[in-house]
Amino acid sequence: MPTNRDAPKSLFFYGTLKAAEVREAVLGYKVPENRLAAAKLSGFEVRRVAGTFYPMIVAGPPEAMIVGVLLSGIDRRELDRFDRLEGADYQRADVAVECDGQMHATQIYKPINRLPAAELWDFASWYKKDLENFLSQDFDPGGVRRP
């Protein structure tokens, strides 16, 4: 189960949680748009976890850039649900993302166990081709299916 010192006020989503359908399946309600903002994280790449329909974040070259979603105003119940979804292979880690031209301290879910990395992961392609596969084969609010 992911743990970290203090509960963050925000989380940066780079993968499946960028999709409103996945956030709603985890939380049981639609997150209000005013709590979501586009944000960028430098120095990382997103790769598919081999054998699954979901990604992980890995260190990349300094010029690498991930465009994701910053969710603000997170309460303890929401955080507990996101932590459960991410399961035993991920933990929260502190990062700084750029949002609206300013840097914001936040957290991401990064792998703590050695997961098998596959190709670079593209959200738009995944959303069109594999969202349903993820929801039917990998998704479990109690923890995503392990590879």
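This report walks through the strands, aromatic rings and salt bridges of a predicted model.

## The three-stranded sheet

Let's start with the open sheet, where three strands line up in the order β4-β3-β8 with antiparallel pairing. The edge spots go to β4 (55-59) and β8 (117-120); each has a single partner strand, so one side of each has no neighbour in the sheet. On average, neighbouring strands here are turned by 50° against each other, direction ignored.

Looking at one pairing in detail, β3 (residues 44-49) and β4 are joined antiparallel by five bridges. If you want a residue to click on, try E45, whose bridge partner in β4 is V58.

## The β6-β7 hairpin

Further along the chain, strand β6 (residues 90-99) runs antiparallel to strand β7 (residues 102-111), with ten bridges between the two. One handy landmark is E98, which has M103 as its bridge partner in β7.

Together β6 and β7 make a hairpin, with two residues sitting between the strands. In that turn, D100 has a positive phi of about 55°.

## Aromatic rings

Now for the rings: the model has eight aromatic pairs. Take F123 and Y127, with ring centres 5.7 Å apart and planes at 40°, so this pair counts as tilted. Both belong to helix α3 (residues 123-129), and because they are four residues apart there, about one helical turn separates them. Y127 is partly exposed, at a relative accessible area of 33%.

F123 and Y127 are also part of a wider group: ring pairs link Y54, W121, F123, W126, Y127, F134 and F139 into a cluster.

## Salt bridges

Across the whole structure there are seven salt bridges. One of them pairs E119 with R48, and the closest N and O atoms are 2.7 Å apart. Since E119 is in strand β8 and R48 in strand β3, this contact ties together parts that lie 71 residues apart in sequence. E119 is partly exposed, with 43% relative accessible area.

How exposed or buried are the partners elsewhere? D83 and R92 meet through their side chains at 3.0 Å, N to O. D83 is buried, at 4% relative accessibility, and R92 is also buried, at 4%.

The salt bridge between D138 and R145 has its closest N and O atoms 2.6 Å apart. Here D138 is buried at 1% relative accessibility, whereas R145 is partly exposed at 33%.

Conventions
Residues numbered from 1 in each chain as written. Predicted model: local features only at pLDDT ≥ 70, side-chain atom pairs only at ≥ 80, totals over all residues. Heavy atoms only, no water. Pairing = 2+ DSSP bridges. Phe/Tyr/Trp six-rings, centres within 6.5 Å; stacked < 30°, edge-to-face > 60°. Buried < 20%, exposed > 50% of the residue type's maximum accessible area, 1.4 Å probe, protein only. Axes fitted to C-alpha atoms, helices over the stretch in contact; angles between N-to-C directions. Salt bridge = Lys/Arg side-chain N within 4 Å of Asp/Glu carboxyl O.
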